[in-house]
Amino acid sequence: MAYIHWPDEDVELKDPVELEIGFGRGDFLKRVSELNPHVNYVGVDKSWESVKRAYRRLRGRENVRLVWGDVWAFLMFGMRSVRFHRVFSLFPDPWPKRKHEHRRMFNPDFWRLLYLRTKEDAHVSVVSDEMFFIRWAYDNALSTGCWWGYVSETKNRFGTKYEEKWLREGKRVHQAVLFKDGKCDFRIPETVLRIPKLKSVNPESIRRGDYPLPEGAYLSVKEVVVSREGDTVLIKAVVSERYLLHKVWFVLHRRGDVWYLRPSDFSKYFPTKALQSALDLLSDMAEGRTT
Ligand SMILES: C[S@@+](CC[C@H](N)C(=O)[O-])C[C@H]1O[C@@H](n2cnc3c(N)ncnc32)[C@H](O)[C@@H]1O
């Protein structure tokens with residue numbers, strides 16, 4: 001079992017490769033990786049606790065790779081050379097309240113992204129005790145015109161913590177199974193970052209607060225720290241855009257007469273237009289070009 005450092009690491013895996021979104025304790029991965037030693041499994045979960053727990057449970061499984069991260073970002077920027085044969089999402093958070101609907105995973109753009117990252121004959125299984133969620137995910141898939149499938153009650157046993165919990169409480173388990181169809185168009189919002197060079201910097205003009213960026217994105221400046229020598233400024237920030245959240249420490253560093261502004265290596269960010277806009281806005285602030 002290996003842990004994948006993405007987006008830098010583009011691991012090539014032998015087909016077939018299957019993906020589990022939100023593996024929790026890793027119960028399902030443990031079972032299927034044993035049953036199907038010829039299949040390579042990739043699991044993505046955004047919770048560090050889940051990664052730790054599953055890592056222990058899956059020790060010694062050569063055909064399992066674990067990824068810590070948001071599946072949206074992973075499918076956009078991680079393991080670009082892999083196309084998945086099957087995708088499983090078992091008991092994803094249904095976010096039942098209307099005001100939280102935007103947090104649900106299987107919206108039409110997510111289905112388009114899945115289309116891009118799966119093999120021609122792929123299928124996707126979404127499993128939940130919440131029928132409204134299964135219907136919602138299924139209708140969204142069909143609305144894209146690039147998936148077809150069915151909804152049914154499932155008697156399969158996936159053996160996960162949440163399945164056990166809901167069955168114990170007497171609930172029924174439903175699944176939406178989707179197959180690829182037609183053509184889908186989804187573009188990954190990638191740009192190459194331009195690193196701003198500045199002539200002068202006034203750290204006091206970089207203020208904490210929320211700043212709108214183009215196309216509905218936001219920059220939120222949380223903290224500004226200046227080194228004792230005054231040649232480095234660290235800016236803790238969050239950049240949020242439609243499906244992505246970048247948690248970044250920006251570093252302003254002086255070399256000779258020039259200051260460079262770049263995201264630090266240990267930050268979690270992706271090279272998108274919104275991140276570029278954040279860099280440009282921060283450099284304007286640092287040079288005192290904003291009001
Ligand atoms: C309700 S639990 C289900 C866990 C497991 N599949 C089971 O059946 O027991 C949902 C899991 O999905 C993960 N998750 C939620 N949103 C995610 C996202 N956007 N990307 C990756 N993982 C996510 C959570 O961290 C959690 O481990």
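**Exercise 1. Which residues of the largest nonpolar core touch the most other members?**

Before the solution, a word on the input. This is a predicted model, where local features need pLDDT of at least 70, side-chain atom pairs count only at pLDDT 80 or more, and totals for chains, interfaces and linings use all residues. Numbering starts from 1 along each chain as its sequence is written.

*Step 1.* Pin down the term: a nonpolar core is a set of buried Ala, Val, Leu, Ile, Met, Phe, Trp, Tyr and Cys residues joined through C-beta atoms within 7 Å. Buried means that 20 or more other C-beta atoms lie within 10 Å of a residue's own; 12 or fewer makes it exposed, and anything in between partly exposed, with C-beta atoms placed from the backbone.

*Step 2.* The largest such core has 80 residues, and Val87, Ala137, Ile235, Ala237, Val239, Ala278 and Leu282 touch the most other members. Helix H7 (residues 273–286) gives the largest share, eight residues. Helices (H or I, at least four residues) and strands (E, at least two) are DSSP runs, numbered from the N terminus.

*Step 3.* Domain 1 (2–180) and domain 2 (197–286) both contribute residues, so this core lies between them. Those bounds come from an automatic or database domain assignment.

*Step 4.* Zoom in on alanine 137: neighbours within four places in sequence aside, its contacts are Phe106, Val126 and Ala176. Contact here means C-beta atoms, placed from the backbone, within 7 Å.

**Exercise 2. Work out whether valine 32 is buried, exposed or partly exposed.**

*Step 1.* Find valine 32 in helix H1 (residues 27–35).

*Step 2.* Count 19 other C-beta atoms within 10 Å, which means that valine 32 is partly exposed.

*Step 3.* For a longer-range check, take valine 64: the two valines are 32 residues apart in sequence and 9.9 Å apart in space, C-alpha to C-alpha.

**Exercise 3. Lay out the open sheet of six strands and find its edges.**

*Step 1.* Write the order as S9-S14-S13-S12-S11-S10, with antiparallel pairing. Two strands pair if DSSP finds at least two bridges between them.

*Step 2.* Strand S9 (197–198) and strand S10 (209–212) are at the edges; each has a single partner strand, so one side of each lacks a neighbour in the sheet.

*Step 3.* Look at one pair: S10 and strand S11 (residues 218–226) run antiparallel and are joined by four bridges. Proline 212 sits opposite tyrosine 218 in S11.

Conventions
Two residues are in contact if their C-beta atoms, placed from the backbone, lie within 7 Å.
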